Amino acid sequence: LGKKWDVVFRQSHLPYYDIFADNDEEKVKIMEELIRRSIIASAELGVEWTVTHPGTVYSAGPDMNISLEHNLEYYSKHIRTARECGIGIALENDFEYRSAPYQRIFCANVHELVELVDSFNDPKHVGVCYDFGHGNLGGPFHRQNLNIIGSAIHVQDNHGMSDEHLLPFHGNINWQEAMEGLADIDYDGDLTYEIQEFGRYFPNDQKHLVVEYSLKVGKVLVDMFEKAKAGKGK
């Protein structure tokens, strides 16, 4: 279908689950095989980066060093598969839920994410995906965050309370600031939408309206980015 409609696949998202929980053995077996196959399939589609989430060892409480060690050990096998397939794995910034039990989440702090990614010492195959929606749930410091990490991105909006996955300008993210942040780091990648909740309930024969609208919104973002980049040289 991609070849038929001249579509290029640059990014994908791996299946994920709570990797450090006390999971059923059969569930782990199934999920790990799905993840392995998804890495291989993504590479076959020509995807450059496949995205996933770091895990948190909740039993360790606020000690994020334990989560760092477990993530390094766990993801090493998937990164090995990605390396063999010629594809990269990008780890997302996470967020902490604004409801009980208010647990610390590993990589909700972008400095933790940078430390994790740098620890693999393989920038060709291990990178960062900055999720604007997740960043907004930890405080709208997108410009500062991007200057710390700078990599692939997920473009989605929310109102700062839950991970809503809305089209930009339908939450409270300051997209002007966000595009200026991308201009700051000379970002040259895609604006990858992750907006599955926007238009989810449109009838199938009207989904094209969501696509057309999202394209127009995307052009507004690109225009903001280009103006911010042009202003850097003044």
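How many helices and how many strands are there in the protein? The points below take up this question and then turn to particular places in the chain.

1. The structure is a predicted model, in which local features need pLDDT of at least 70 and side-chain atom pairs count only at pLDDT 80 or more, while totals for chains, interfaces and linings use all residues. Residues are numbered from 1 along each chain as its sequence is written, and side-chain values use heavy atoms, with hydrogens and water left out.

2. The protein has 7 helices and 5 strands, where helices (H or I, at least four residues) and strands (E, at least two) are DSSP runs numbered from the N terminus. Following the sequence from its start, one reads the pattern β-α-β-α-β-α-β-α-α-β-α-α.

3. On overall dimensions, the C-alpha atoms fill a box of roughly 45 × 40 × 35 Å, taken along the principal axes. The radius of gyration is 18 Å, which agrees with the value near 17 Å that a compact globule of 234 residues would have; this radius is taken over C-alpha atoms, and the globule rule is 2.2 Å times the number of residues to the power 0.38.

4. Of the 234 residues, 43% count as buried, a term that means under 20% relative accessible area, with exposed meaning over 50% and partly exposed lying in between (1.4 Å probe, protein chains only). Among contacts between residues at least 6 apart in sequence, 68% join residues at least 24 apart, where contact means heavy atoms within 4.5 Å.

5. Helix α1 (residues 25-44) and helix α2 (residues 64-85) pack at an angle of about 25 degrees, and their axes are 9 Å apart. Axes here are lines fitted to C-alpha atoms, for helices over the stretch in contact, and angles run from 0 to 180 degrees between N-to-C directions. The two helices are therefore roughly parallel to each other, since angles under 35 degrees count as roughly parallel, over 145 as roughly antiparallel, 65 to 115 as roughly perpendicular and the rest as oblique.

6. Where α1 and α2 meet, E32, I35, R36, I39, I40 and A43 in α1 are in contact with Y74, K77, H78, T81, A82 and C85 in α2. Sorted by class, this contact has 7 nonpolar, 2 polar and 3 charged residues (Ala, Val, Leu, Ile, Met, Phe, Trp, Tyr, Cys and Pro count as nonpolar, Asp, Glu, Lys and Arg as charged, and the others, Gly among them, as polar). One residue to look at is T81 in helix α2, which is buried with a relative accessible area of 15% and which touches R36, I39 and I40, leaving aside residues up to four places away in sequence.

7. Two residues other than glycine have a positive phi: for C107 the value is near 75 degrees, and for H165 it is about 55 degrees. C107 is found in the loop between β3 (88-92) and α3 (110-120) and is buried, with a relative accessible area of 0%. H165 belongs to the loop between β5 (152-154) and α6 (175-184), and at 9% relative accessibility H165 also counts as buried.

8. P168 lies in the loop between β5 and α6 and counts as buried at 0% relative accessibility. Not counting residues up to four places away in sequence, P168 touches V155, D157, W175, Y193, I195, V217 and L221. P168 and E197 are 29 residues apart in sequence, and their C-alpha atoms are 12 Å apart in space.
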